[in-house]
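User: Could you take a close look at one sheet in this model and walk me through how its strands are put together? I'd also like to know how far to trust the picture.

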Amino acid sequence: MATLNQALVLALESNPKEAYVVAAETLLRLLDNIIREPQNAKYRTVRIDNPSIREKLLSVEGMKQLMLAIGFVESNGTLTVPSNVLLANVRRYREFLYERKELVKNPPKEKDITPIGSVTCTDNSTAASAAVTTTSTTNIPQEAATEKSKMVLQPSGSNATAGQQRTEALCVIKSSRPFLARIEFPKVIPGNNTLLRQLELLSDQVMQYDDELLLASGTSLIPIDTLTTKAKSKLTQWQRLLATSEATDQSKEPSEKDLLLEELTAWFRAEFFSWVNALPCTVCGNEKTQLVRSTVEDGVRVEVYQCCGQLRHFYRYNDVEKLLQTRRGRCGEWANCFTFLCRCLGYDARYVFSTGDHVWTEVWSERRQRWIHVDPCENVLDAPLMYEHGWRKEITYVFGFARDDVQDVTWRYTNDHQRLLQRRRQGGACSEHALLDAIAKLRTKRRAGLNCTPEQMSLLRKRTIDECLELLANAGRVPTAAEREGRSSGSLEWRLQRGEQQTNTRYMFIPTEEEVQAKQFNIRYCCATDCYERFLKGASNRVNERITEKSNGWESRQYVSRNIFRKEELDWKMVYLARTEGTDEATIEWNFDFSVQGLRVKQIELRFGQETYEGAKVELYYIKSDGSQSQALSSLCECGKFTLQARLSGGKSWQHAQLFRQSKTATDEYPFEMNIVLM
């Protein structure tokens, strides 16, 4: 059963109360109709241009994302719930949304609040009328604080049923001190150098994570049991794979804690936090509203967007307490909140700042005895050269800020150290001597407040020295395939301006028990329905075949793609995958791994529809796990793990290289189909 994404439901509550209640009740009526008469097709579809739907429902920020999570599919100006969407999932969203709506309409009285332990909670077992009021002495602008002061959160990604959720305790996000008090420390960097003063500010800012109440609040939001189970399952697969391989180097085996970090990163991106390009218009639904000005209110930077004569304010919080409530932002908010959640799980974690207009996280791996680069916006781990080689950014300064250290980690994020030094000299931000002196002072400042034993301090010094040697050894390192990939976070338009448009699904086809027993694997894709089908063949091809899985969306079962989108030709009534407009090349990959179960390809057949015009090209490559690639399908025989990659290029237009072109009415045709017999 699909996981209930509570974060999307909770995000609606950041809208004005009146608009939120109207929208929630409108959606509840739609869901009630579907649940009451599931066979009635008219209840499953709403038209986006319907004035009532547009003004009452879709004008509320976050509503469309929630509807898509429930199971609605957007197509041809409508939002439709397909017949294969589980009613149980619809009911779960309906129940949770109803409870949240009632809490917003009828907020609890303060006397109903009962503190339990270090996190304030209230029992919700009797009715949906009990809740908790978040308390904070941080000065927040009134518009942003509307209804936020009443926000009550449950752990996102919980697999509990609706009934169980009603009986769970609801936890409040709370800190023991205001934000400014948590980051107030004596200054040790003299002078007015902009870069060095910023280093001290960021070094102090990460100390907000040490608040015990806030750590308890953050920990309560993480579905730790679910993530741990997934990490253990991955570890078992790794151990099985290493046992069946010829390699004897057991150092390749990851630790459970490293795999848990992977699961935390994936959950944070998929379920917990959301990206904000601009605030959509509450009148017309325009998602590309115009930024008219940026101001500062009570120490908080505010972006003001305008559309249809209305202004909307987007508050760029640095206070992680507020970010746990809003759960939205851009890379600054993402890295700030994610680094804190890593700390909640006991990791040594750094907030990493780059003068190249991006931030991310580093986490210390006990297994590997080094810092691991983690970008939660991209769901990418251990690919530090991706900004220079994939995003095509010039790296000049990158710094890591932890509770016990400040480090210049720039050398990890570029492999051309000579050009790096040249850029620094030409930029003139500060001398290398002044920078090293400032870092030493900040490091001393941070460690002075730790109350470390001499042995602990010695270990910290050794780790710093070892890291410096590791950073120097990074010069000339060849970037991996992952580090050559472009960006996936942010809007398509924004990424295209930078040549960074990419979709990282990272889905890997692994055989199910049924497929292992049948020694077969079959997947197909229909572009007309935009749906993958995984199936088992019967005795005679499609006779008695059985579909075992359906997945909507061309990107849902890909591994990674760059500059690809699904084009619908309304005049010719045709659909296909093509390059995004304005790009010269595009790639898409599907990843298959049968080696975990010790299986290999015995026989393989592939149908891969493609159309090219005006000199355009579609090239297919079959890439094995050792990195070797071929354009011969037969090269995959006896292979246990491989990637299918399509490259689109050439032509006089982006439309001249097409994949899987077919009529919109050809819903029973599959231009992409792969059939594999396993051994």
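Analyst: Let's start with the open sheet: four strands build it, lined up as β24-β25-β32-β28, with antiparallel pairing. At the edges you'll find β24 (564–569) and β28 (610–612); each has a single partner strand, so one side of each has no neighbour in the sheet. The sheet isn't flat, either: ignoring direction, neighbouring strands are turned by 35 degrees against each other on average.

Now zoom in on one pair. Strand β25 (residues 574–579) and strand β32 (residues 657–663) run antiparallel, and four bridges join them. If you want a spot to look for, pick L577: its bridge partner in β32 is L659.

As for trust, keep in mind that this is a predicted model. The chain averages a pLDDT of 83, and 85% of the residues score at least 70. Two stretches to treat with care are residues 110–170, where pLDDT stays under 50, and residues 496–500, where pLDDT is below 50. The model still gives residues 110–170 a total of 149 contacts beyond four places in sequence, while residues 496–500 have 14 contacts beyond near neighbours in sequence. Where pLDDT is low, though, the predicted coordinates shouldn't be read in detail.

Conventions. Residues are numbered from 1 along each chain as its sequence is written. This is a predicted model: local features need pLDDT of at least 70, side-chain atom pairs count only at pLDDT 80 or more; totals for chains, interfaces and linings use all residues. Side-chain values use heavy atoms; hydrogens and water are left out. pLDDT is the predictor's confidence in each residue, from 0 to 100. Contact means heavy atoms within 4.5 Å. Two strands pair if DSSP finds at least two bridges between them. Helices (H or I, at least four residues) and strands (E, at least two) are DSSP runs, numbered from the N terminus. Axes are lines fitted to C-alpha atoms, for helices over the stretch in contact, and angles run from 0 to 180 degrees between N-to-C directions.
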